[in-house]
Amino acid sequence: MQTYDMVVIGAGPGGYVCAIRGAQLGLKVAVVEREHLGGICLNWGCIPTKALLRSAEVFHLMHRAAEFGLSAEGLNFDLDKVVKRSRGIARQLNSGVGHLLKKHKADVIMGTARLDGPGRVRIDDKVLESKAIVLATGARARELPGLEADGDKVWTYKHAMSPPRMPKRLLVIGSGAIGIEFASFYNALGADVTVVEVMDRILPVEDAEISAFAKKQFEKQGMTILDGAKVAGLDRSGPGVVAKVEVAGETSNLEADAVISAVGIVGNVEDLGLDTMGICVERSHVVTDAMCRTGAEGIYAIGDVAGAPWLAHKASHEGVMVAELIAGGTPHALDPDTIAGCTYCQPQVASVGLTEAQAREKGIDVKVGRFPFIGNGKAIALGEPEGMVKTVFDSGTGALLGAHMVGADVTELIQGYVIGRQLETTEEDLMQTIFPHPTLSEMMHESVLDAWDRAIHF
């Protein structure tokens, strides 16, 4: 039996970061992984999907060459090579995680772990003892009855990343980040894409104004968006798929070559022995307190298995926080309203904090600022004039409550507002900040100014 100060189950962006931080703090650490170092994020999620989307973005720009005084003819793509590049990047980063864990002297044990009583983890015939155990087992795609993936006609995100063929007609069920990103990728490569969303608008967690703007852009690109709609069933008996779609009480059939089911995720909580330890699970996610502690002494849960928001950067931050707590530190609890959400579609969408509607629902008297990309010189020079920046402030205190963006590179810009939220910035702080010119970031300044009717360039 081997003894450790901390055993981490799962080596995704939460688990491996937790293990490294624990090792930095002098803890003897083991991390157990049953499949891939780096988890879904590095192998089948965040990074390889961005590689695919980058290929689609370049292909899209190639078709716009004439706008920039350039000439490009005979444009085409090789889907196998696009996928190969994406998978190669995933392998590179997977190897990098292994190197980092080795560098920090964290033991890596490949296998399936299960809680085996207080302070014990079993991996096959091996037992580890530890005063602290961190569950970082992640999540997987949710499958609804009748919409189960088969890898041929109905895909999860994994199938969509390494598809058996390029579909001419694609149906995407669900318009969260995963669904919209794949819709954007395949649409850019020429597929006829239809997105079905059960809520009354796409990207339903985003500010309503941003969602509406994004929908118009997607439709201009040729996508069909059906919101307030439901896929009641799939007929796979023919060469393709026929989906029964219900919209406003009426049912119609929609034909597609392939379907991507992106209807959420479920936590990997099975076969971990949680019930034997009195650990509470609700809706497939481990229940924790603000410091990621479960109901069992010395057992923590971080990342996707611990619930929303299902974001790699949230998992990593929780991993650091828990490692510091185990090492005897006094870290601050994570504030969900300071975590940015990013969707890497075309155009990109990013946000942090409260939406305008959420702020008003809390009874806050708000001031709202907006600034369009068309008013920014850098955006026009880039050929990216479609987009907007929206900021929400408490009119009494000037506190930045939320920021919401759609347009080119906003997933990079949003961090400025994230820092503002973390530092409890007011409108005066932001107004007095000098933004470099010419940059897209100037729109962030102008949106703040606009909330107080002081915008200069629009």
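**Helix packing in a predicted model**

Colleague: Which residues of helix 11 are buried?

Modeller: This is a predicted model, and helix 11 covers residues 410-422. A residue counts as buried when its relative accessible area is under 20%. In helix 11 the buried residues are Val410, Thr411, Leu413, Ile414, Tyr417, Val418, Gly420 and Arg421.

Colleague: Which elements do the buried residues of helix 11 pack against?

Modeller: Strands and a helix both take part. The strands are strand 22 (341-343), strand 23 (348-353), strand 25 (388-394) and strand 26 (400-407). The helix, at residues 442-451, is helix 13.

Colleague: What span should the 13 residues of helix 11 have?

Modeller: The rise is 1.5 Å a residue, and the expected span is 1.5 Å times one less than the number of residues. The end C-alpha atoms of helix 11 are 18 Å apart, which agrees with the expected value of 18 Å.

Colleague: How are helix 11 and helix 13 set relative to each other?

Modeller: Their axes lie 10 Å apart, at an angle of about 50°. Angles under 35 degrees count as roughly parallel, and 65 to 115 as roughly perpendicular. The angle of about 50° fits neither range, so helix 11 and helix 13 are oblique.

Colleague: How many residues in the contact of helix 11 with helix 13 are charged?

Modeller: Leu413, Gly416 and Tyr417 in helix 11 meet Met444, His445, Ser447 and Val448 in helix 13. The residues of this contact divide into four nonpolar and three polar, and the number charged is no residue at all.

Colleague: What phi does Glu424 take?

Modeller: Glu424 comes just after helix 11. Its phi is positive, at about 55°.

Colleague: Is the crossing of helix 3 and helix 4 left-handed or right-handed?

Modeller: Helix 3 spans residues 46-63 and helix 4 spans residues 79-103. Their axes come within 8 Å and cross at roughly 145°. The crossing of helix 3 and helix 4 is right-handed.

Colleague: How many residues in the contact of helix 3 with helix 4 are nonpolar?

Modeller: Helix 3 brings Ile47, Pro48, Ala51, Leu52, Arg54 and Ser55, which meet residues of helix 4 including Val82, Arg85, Ile89 and Leu93. Among the residues of this contact, two are polar, three are charged and the nonpolar ones number nine.

Colleague: Why does Thr49 count as buried?

Modeller: Thr49 lies in helix 3. Leaving out residues up to four places away in sequence, Thr49 touches Trp44, Met161, Glu181 and Phe182. The cut-off for buried is under 20%. Thr49 counts as buried because its relative accessibility is 9%.

Key: Residues numbered from 1 in each chain as written. Predicted model: local features only at pLDDT ≥ 70, side-chain atom pairs only at ≥ 80, totals over all residues. Heavy atoms only, no water. Axes fitted to C-alpha atoms, helices over the stretch in contact; angles between N-to-C directions. Helix = DSSP H or I, 4+ residues; strand = E, 2+ residues; numbered from the N terminus. Left-handed = near helix turned anticlockwise from the far one by under 90°. Contact = heavy atoms within 4.5 Å. Nonpolar A, V, L, I, M, F, W, Y, C, P; charged D, E, K, R; others polar. Buried < 20%, exposed > 50% of the residue type's maximum accessible area, 1.4 Å probe, protein only. Parallel < 35°, antiparallel > 145°, perpendicular 65-115°, else oblique.
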